[in-house]
Amino acid sequence: MTRANDYAIEVENLTKRYGGVLAVDDISFTVKIGEVFALLGPNGAGKTTAVEIIDTIRTPTSGKVSILGMDVSKKKYDIVRRIGVLPQGFSSFDRITVRETLQYYARLYRGRNTDIDRLIELVNLKDKSKEQYRNLSGGLRQRLGIALALVHDPEVVFLDEPTTGLDPRARHEVWEVLQGLKEEGKTVLLTTHYMEEAELLADTVAIISRGKIIAMGSPGELIETNANYQILTLRSADEKVFEIVRKLGFEPVLYNSDKIKIRVEHTEGVQQILSAIKEGGASYLGLDVRKPNLEEVFLKLTGEALHDGHIGEEGSA
Ligand SMILES: Nc1ncnc2c1ncn2[C@@H]1O[C@H](COP(=O)(O)OP(=O)(O)O)[C@@H](O)[C@H]1O
Ligand SMILES: [Mg+2]
């Protein structure tokens with residue numbers, strides 16, 4: 001049995017309405033101390049609203065949230081001392097250096113005790129400590145933002161889309177920093193629309209769509225429970241292949257001039273498709289059968305893409 005105080009975050013039936021918009025629709029979940037928890041969903045799903053209610057910034061329409069056993073509607077002042085926040089679209093003072101910014105925040109939040117050098121090291125900004133904010137790339141800015149969230153050594157850290165808009169390399173560098181947080185034993189609530197990010201970093205992922213959590217579990221569990229099908233990819237430029245697959249009643253999830261990707265519920269389905277292609281005198285250059293990845297599970301559950309460009313991406317095997 002988990003005791004109540006093993007939880008860093010407890011969310012019960014949380015709902016938020018903005019006029020006619022139901023942004024967060026009756027969500028419940030818990031995050032254990034030391035856990036990395038990801039809210040994964042597309043733009044407009046309600047991630048920022050949920051996170052900013054949990055980290056005390058916004059007020060809910062209804063529902064209950066506790067952090068480290070304290071009710072957010074009653075203990076805001078005690079809670080903010082123990083949590084760190086990287087808001088979505090973080091930005092800072094243009095002409096102030098990395099070190100000066102950290103020193104300033106340290107004075108605001110903690111007094112003289114913050115080890116600035118250690119923080120700079122933790123987010124890998126040693127070479128940039130004298131650089132002004134305006135000269136930092138997107139990835140470096142996000143790393144500064146993470147360091148600022150850690151200035152008062154919080155136990156629970158909220159990171160709202162920490163890698164959105166970064167190029168792949170900068171994203172990997174932020175991931176390294178986030179893995180460091182996990183090793184430090186911080187509890188992390190992260191939002192993202194990158195399946196890869198959730199899969200890589202999170203112990204538990206909650207898939208959120210239109211304000212509702214529609215599936216929750218470890219990345220492995222999510223795939224196990226929601227993906228009772230396989231993905232067949234046929235490499236073929238032959239238009240007949242597409243026709244044959246459609247005629248058999250399979251709906252291709254992706255196709256382009258040299259590839260067709262099909263969701264197949266039974267192993268016999270693969271055989272059925274391959275036989276029909278042979279009988280129909282069509283041809284393919286290669287094939288691959290694999291389990292779906294988290295992004296494909298999301299697509300199946302919601303019918304939505306997580307972010308633009310997803311359809312063209314090949315999932316990992
Ligand atoms: N302050 C606000 N006032 C009115 N509507 C809002 C406000 N914040 C968010 N929304 C709406 O709530 C929904 C969820 O938004 P948001 O929480 O920002 O989602 P996400 O972070 O997943 O992109 C969207 O339809 C958005 O337009
Ligand atoms: Mg958001």
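Which helices and strands do the buried residues of helix 11 pack against? The legends below take up this question and others, using a predicted model.

**Figure 1. Helix 11 and its packing partners.** Helix 11 spans residues 294–302. Its buried residues are Leu 294, Glu 295, Glu 296, Val 297, Phe 298 and Leu 299. They pack against two helices and two strands: helix 7 (195–201), helix 8 (219–226), strand 9 (204–209) and strand 11 (230–235). Gly 303 comes just after helix 11. Its phi is positive, at about 75 degrees.

**Figure 2. Helix 5 against helix 6.** Helix 5 covers residues 138–149, and helix 6 covers residues 168–183. Their axes come within 9 Å and cross at roughly 15 degrees. Angles under 35 degrees count as roughly parallel, so helix 5 and helix 6 are roughly parallel to each other. The crossing of helix 5 past helix 6 is right-handed. From helix 5, the contact uses Gly 138, Gly 139, Gln 142, Arg 143 and Ile 146. Helix 6 supplies Ala 170, Glu 173, Val 174 and Val 177. By type, the contact residues of this pair split into four nonpolar, three polar and two charged.

**Figure 3. The largest nonpolar core.** This core holds 65 residues. Six of them touch the most other members: Ala 38, Leu 40, Ile 54, Ala 147, Leu 189 and Ala 198. Helix 5 gives the most to this core, contributing six residues. In soluble globular proteins, nonpolar side chains tend to be buried together.

**Figure 4. Close-up of Ala 38.** Which residues does Ala 38 contact, leaving aside neighbours within four places in sequence? They are Leu 190, Thr 192, Ala 198, Leu 201, Ala 202 and Val 205. Ala 198 also appears with Ala 38 among the core residues that touch the most other members.

**Figure 5. A second nonpolar core.** This core is separate and has ten residues. Among them are Ile 231, Val 241, Ile 244 and Val 245.

**Figure 6. The whole chain, for orientation.** The chain has eleven helices and 14 strands. Taken along the principal axes, its C-alpha atoms fill a box of roughly 80 × 45 × 40 Å. Of its 317 residues, 35% count as buried. Consider the contacts with a separation of 6 or more: residues 24 or more positions apart account for 68% of them.

Terms used: Residues are numbered from 1 along each chain as its sequence is written. Chains are lettered from A and ligands numbered from 1 in the order in which they are written. This is a predicted model: local features need pLDDT of at least 70, side-chain atom pairs count only at pLDDT 80 or more; totals for chains, interfaces and linings use all residues. Axes are lines fitted to C-alpha atoms, for helices over the stretch in contact, and angles run from 0 to 180 degrees between N-to-C directions. Helices (H or I, at least four residues) and strands (E, at least two) are DSSP runs, numbered from the N terminus. Angles under 35 degrees count as roughly parallel, over 145 as roughly antiparallel, 65 to 115 as roughly perpendicular and the rest as oblique. A crossing is left-handed if the near helix is turned anticlockwise from the far one by less than a right angle, and right-handed if clockwise. Two residues are in contact if their C-beta atoms, placed from the backbone, lie within 7 Å. Ala, Val, Leu, Ile, Met, Phe, Trp, Tyr, Cys and Pro count as nonpolar, Asp, Glu, Lys and Arg as charged, and the others, Gly among them, as polar. A nonpolar core is a set of buried Ala, Val, Leu, Ile, Met, Phe, Trp, Tyr and Cys residues joined through C-beta atoms within 7 Å. A residue is buried if 20 or more other C-beta atoms lie within 10 Å of its own, exposed if 12 or fewer, and partly exposed in between; C-beta atoms are placed from the backbone.
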